[in-house]
Structures are given as structure tokens and as C-alpha cells.
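Thanks for coming. I will take one structure today and walk through it piece by piece. Please have a look at it first.

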Amino acid sequence: MRLKNLKLIFATLLLLLMPFIFSGCDEKKVPGIVFNSEPITKDNLLHATRSLEAGKRVYYLFYSPKKIKAEFIRVQLVKTGDNIAKGGYKIVWSKDCRLMQQNMFYYYDNFTLYQAGRYVMQVFDVNNLSVPLAWNYFFIHE
């Protein structure tokens, strides 16, 4: 009787611990994009924002934990909304950028928008334009 109870307790504990054992606790490191109203530095990197002002510069940083193998990336800015025809989105601009050898883990630049709304920025490897390396959204307000 005692051996049977011990086996039951062991099986129960094993079932309770299995999700923790197989899920892992490693944080997945994925590429991303951050926005700021000021030039991005080490000091203000953690103070990124998604709410920006119309007519002011928007600074962005695309980063990747792994070295980007592409020589060129395409940065694409899309405006989204219910009042936009053709599926609710419109490409505002697209820009091909060359990654220099010394900064194969990031790309940094800025732009200015004058229309309020919700925008999405996507970064692609120019050799694979079907799947973005990273994307993020932000809002421009008056």
C-alpha cells in the first residue's frame, strides 16, 4: 500500500513539473525597432515611446541580436486606419539602406511625418521581402 502511494505521489509531482521542464525559461532574442523623439543614445534607449508629435523628427533604431547577413535592408513605413481604402493600409515610403560592416547588428536613422495617425514600420532583408525581420507600430498626434 505504501509503495502504491509513493508511486502516485511521484507521478503527480512529475506531471506538475513537466510544463516547467519542457517550456524553458530562456528569453527569445528577436530583432526589434524602437522609436524616440530625441536621438537614441545608450542613456535614453530604455525610454522609447510610441506616441510622437506631427512635424517633429522621429528617430528609430532597428536592432538584431544576430549578425544580419544581408548587405541591404528595406525600411518600409505604412499608415494604417479604417478610413484608408485598399485594405486599410497605405505605404507612405520605402527606403533601401546599406548596412556597413561595423554595424551589422543595427541600423539607425530618422524621418519626419506631418499627418496624424497610426503607422507601422517594417524592416526587410532585400533578398526576402515576404517576411519582415522586425516590425513595430507607433502613433503620430497633432
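Let me begin at one side chain, Tyr137. Its relative accessibility is 25%, so Tyr137 counts as partly exposed. Please keep in mind throughout that this is a predicted model.

What does the ring of Tyr137 pair with? Its partner is Phe139. The two ring centres lie 5.8 Å apart and the planes meet at 80 degrees, so this pair is edge-to-face. Phe139 has a relative accessibility of 36%, so Phe139 is partly exposed as well.

Two arginines also belong to this spot. Arg50 lies over the face of Tyr137, 4.3 Å from the centre of the ring. Arg118 has its charged end over the ring of Tyr137 too, at 4.8 Å from the centre.

Now the wider view. How many helices and strands does the protein have? There is one helix, and there are eight strands. Along the sequence the pattern reads α-β-β-β-β-β-β-β-β. Of the 142 residues in the protein, 31% are buried. The accessible surface is about 10,500 Å², and carbon and sulfur atoms account for 58% of that. On contacts: take those between residues at least 6 apart in sequence, and 62% of them join residues at least 24 apart.

The strands next, starting with the sheet of five. This is an open sheet with the order β2-β8-β7-β4-β5, and the pairing is mixed. Which strands stand at its edges? They are β2, residues 51-53, and β5, residues 89-98. Each has a single partner strand, so one side of each is left without a neighbour in the sheet. From one strand to the next, the twist averages 30 degrees.

Within that sheet, I would pick out β4 and β7. Strand β7 covers residues 117-125, and its pairing with β4 is antiparallel, over eight bridges. One position to find on screen is Ile73, which stands opposite Asp125 in β7.

Strand β4 itself runs over residues 72-80, and Thr80 lies in it. Is Thr80 buried or exposed? The cut-off for buried is under 20% relative accessible area. Thr80 comes out at 19%, so Thr80 counts as buried. Leaving aside residues up to four places away in sequence, Thr80 touches Gly88, Tyr89, Arg118 and Val120. Arg118 is a name we have already met, as the residue whose charged end sits over the ring of Tyr137.

The other sheet has three strands. It is open, its order is β1-β3-β6, and its pairing is antiparallel. At the edges stand β1, residues 32-36, and β6, residues 106-112. Both have a single partner strand, so one side of each has no neighbour in the sheet. Ignoring direction, neighbouring strands here are turned by 20 degrees against each other on average.

Strand β3 covers residues 57-63, and five bridges join it to β1 in the antiparallel sense. Across that pairing, Gly32 stands opposite Tyr63 in β3.

After β1 comes a loop that leads to β2, and Ala48 lies in that loop. Its relative accessible area is 39%, so Ala48 is partly exposed. What does Ala48 touch, beyond residues up to four places away in sequence? The contacts are Val34 and Phe35. Ala48 and Val34 are 14 residues apart in sequence, while their C-alpha atoms are 6.0 Å apart in space.

Last topic, the aromatic rings again. Searching the whole structure gives seven aromatic pairs. One of them is Tyr60 with Tyr107: the ring centres are 6.4 Å apart and the planes are at 45 degrees, so this pair is tilted. Tyr60 is in strand β3 and Tyr107 in strand β6, 47 residues apart, and the pair links distant parts of the chain. Both Tyr60 and Tyr107 are buried.

Which residues do the ring pairs link into a cluster? They are Phe35, Tyr60, Trp93, Tyr107, Phe111, Tyr119 and Phe138. Phe35 came up a moment ago as one of the contacts of Ala48.

To recap the outline: an open sheet of five strands with mixed pairing, an open sheet of three with antiparallel pairing, and one helix in the protein. That is what I had for today.

How values were computed
Residues are numbered from 1 along each chain as its sequence is written. This is a predicted model: local features need pLDDT of at least 70, side-chain atom pairs count only at pLDDT 80 or more; totals for chains, interfaces and linings use all residues. Side-chain values use heavy atoms; hydrogens and water are left out. Helices (H or I, at least four residues) and strands (E, at least two) are DSSP runs, numbered from the N terminus. Buried means under 20% relative accessible area, exposed over 50%, partly exposed in between (1.4 Å probe, protein chains only). Contact means heavy atoms within 4.5 Å. Two strands pair if DSSP finds at least two bridges between them. Axes are lines fitted to C-alpha atoms, for helices over the stretch in contact, and angles run from 0 to 180 degrees between N-to-C directions. Accessible areas come from the Shrake-Rupley method with a 1.4 Å probe; for residues, only the protein chains shown count as cover. Rings of Phe, Tyr and Trp (its six-membered ring) pair if their centres lie within 6.5 Å; planes under 30 degrees apart count as stacked, over 60 as edge-to-face and the rest as tilted. A charge sits over a ring if NZ of Lys or CZ of Arg is within 6 Å of the ring centre and within 35 degrees of the ring normal.
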